[in-house]
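This report describes one protein model, beginning with a single sheet and then turning to the whole chain, its core and some individual residues. Please keep the sequence and the structure in view while reading.

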Amino acid sequence: FGCQSRFTVAIVFCILLCAAAFAAAKWEVIAPDSLSKRSSFADSKKEEAFADITGSTVLEENFQIIDTGLAYISDTSIVTLNHDCSRIFSEKHSFTNPMMKSKGSYSIAFCEGGNEFRILLDNHKIYEGTQGNAITDCEVADNGTYCVLSDQTGYLSCLSVYDKTNKFLYSYSFSDFYAVSVSANSDGSRIAVGAINSYNGRLLTKVYLLDITKSEPIKVFTYEDQLLYEVRFVSDDTFAVVTDFLTTVIKSDGSKEIAYSYSSQVLTAYDSCYNDNIVLSLSKSDDGRSCKIVTLNCDGDEISSFQTDLKVTALEPLDDRIAILSYGRLDIYSLFGELLGEWEIGSDAKNVLLPQNKTAYILGVSGITKMSLKY
């Protein structure tokens, strides 16, 4: 996440810590151990389609599912693909630090630390905009409402909200905290913003729950000595706050918080699907071995957990399935730990998307592979 020279050394240090921890939690590359149930690679996996990456690199978080297929942003281009990995849209960009978020049919691509962003609907660009100050994060809702977090003169940060016609709807300025993560519900009416600062040498995180019809926050939540990884709406009624110590699920009216503590374990990966489950990978050791997989529902209640011998690179929940990527191997588990299938997919595999129980998309270093899974 970007920062500006006017901030104190303490704030800069906090931001760097958050960025490093977020990367470690979300995308740490780690190795598998053998499991007793093993499927034949040739019999259980069929490569149905493949698309070369346009550009040199795609970060794991910039590989997204949209209604019409897939979207990603590389170091050079914004690209959408259909369900068979055929390229539908491709456009060059000059973002120095490209990022992308997608919801439903919409995607927002932006330059973190820069001032440019672009909005895509299905497979075409509908708007190209600029912000007056450096952008730290963006979000787009299912109905096309979008949010931009940026620096602001006289404040540390500002949230700006626009509707799908790019009409300004709402803003909120942060005077004491630097905003680094934003998420919205499906219609963009409720917004959660995670912000950080230091106080007396200690890291302090605040999460602001905002209603775009009200000038003041519905509620502000405070977390001391915790690194903020992300805020994320997981349903219209709830959003999650993910830190290095716990994941807290909060009602969208601010009335209820349910915290899941990692109990001295290390969070190695996490993910969620809208109106579905939140999945966490936790390890007792600093090297991330032997991860426990925990599933929380949209209300924050633990519904299952099971132990693995894996070091987990990426997770993807879908209904009663969990896809786990570990050092070039893809495992599909049930919620309660039954291994349904296992496939060797290549050591360059970086992320997995699971739009259907029997279909997976694998992001590799040089391309994207559509796989048909048999289990």
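How many bridges join strand β8 to β9? Six bridges join strand β8, residues 116-121, to β9, and the two run antiparallel. Strands, like helices, are DSSP runs numbered from the N terminus, with at least two residues (E) for a strand and at least four (H or I) for a helix. Two strands pair if DSSP finds at least two bridges between them.

The model is predicted: local features need pLDDT of at least 70, side-chain atom pairs count only at pLDDT 80 or more, and totals for chains, interfaces and linings use all residues. Residues are numbered from 1 along each chain as its sequence is written, and side-chain values use heavy atoms, with hydrogens and water left out.

**The sheet around β8 and β9**

Strands β6-β7-β8-β9, in that order, form an open sheet of four strands with antiparallel pairing. Because β6 (98-103) and β9 (124-130) each have a single partner strand, they stand at the edges, and one side of each is left without a neighbour in the sheet. On average, neighbouring strands of this sheet are turned by 20° against each other, direction ignored; axes here are lines fitted to C-alpha atoms, for helices over the stretch in contact, and angles run from 0 to 180 degrees between N-to-C directions. L120 has K125 in β9 as its bridge partner.

**The whole protein and its core**

The protein contains two helices and 32 strands. Of its 375 residues, 59% are buried, where buried means under 20% relative accessible area, exposed over 50%, and partly exposed in between (1.4 Å probe, protein chains only). Among contacts with a separation of 6 or more, 44% are between residues 24 or more positions apart; a contact means heavy atoms within 4.5 Å.

The largest nonpolar core has 17 residues. Such a core is a set of buried Ala, Val, Leu, Ile, Met, Phe, Trp, Tyr and Cys residues joined through side-chain atoms within 4.5 Å. The residues with the most contacts inside this core are L159, F174, I191 and V193. Elements giving two or more residues to the core are β11 (146-152), β12 (155-162), β13 (168-174), β14 (178-184), β15 (190-199) and β16 (202-211). Beyond its neighbours within four places in sequence, V193 is in contact with residues including L149, L159, F174 and V231.

**Three residues in strands**

The table lists three residues with their strands and accessibility.

| Residue | Strand | Relative accessible area | Class |
|---|---|---|---|
| S304 | β25 (residues 302-307) | 4% | buried |
| I126 | β9 | 35% | partly exposed |
| K292 | β24 (residues 292-296) | 22% | partly exposed |

A polar atom of the S304 side chain lies 2.7 Å from the backbone oxygen of L335. Not counting residues up to four places away in sequence, S304 touches I293, V294, T295, L335 and F336.

I126, with neighbours within four places left aside, is in contact with Y106, I119, L120 and L121. The C-alpha atoms of I126 and K164 are separated by 9.4 Å, while the two residues are 38 residues apart along the chain.

K292 and L282 are 10 residues apart in sequence, with a C-alpha to C-alpha distance of 5.1 Å. Outside the residues up to four places away in sequence, those touched by K292 include Y260, Q265, L282 and F306.

Terms used. A polar contact is a pair of N or O atoms within 3.5 Å; within protein, one must be able to donate a hydrogen and the other to accept it, and residues adjacent in sequence count only if both atoms are side-chain atoms.
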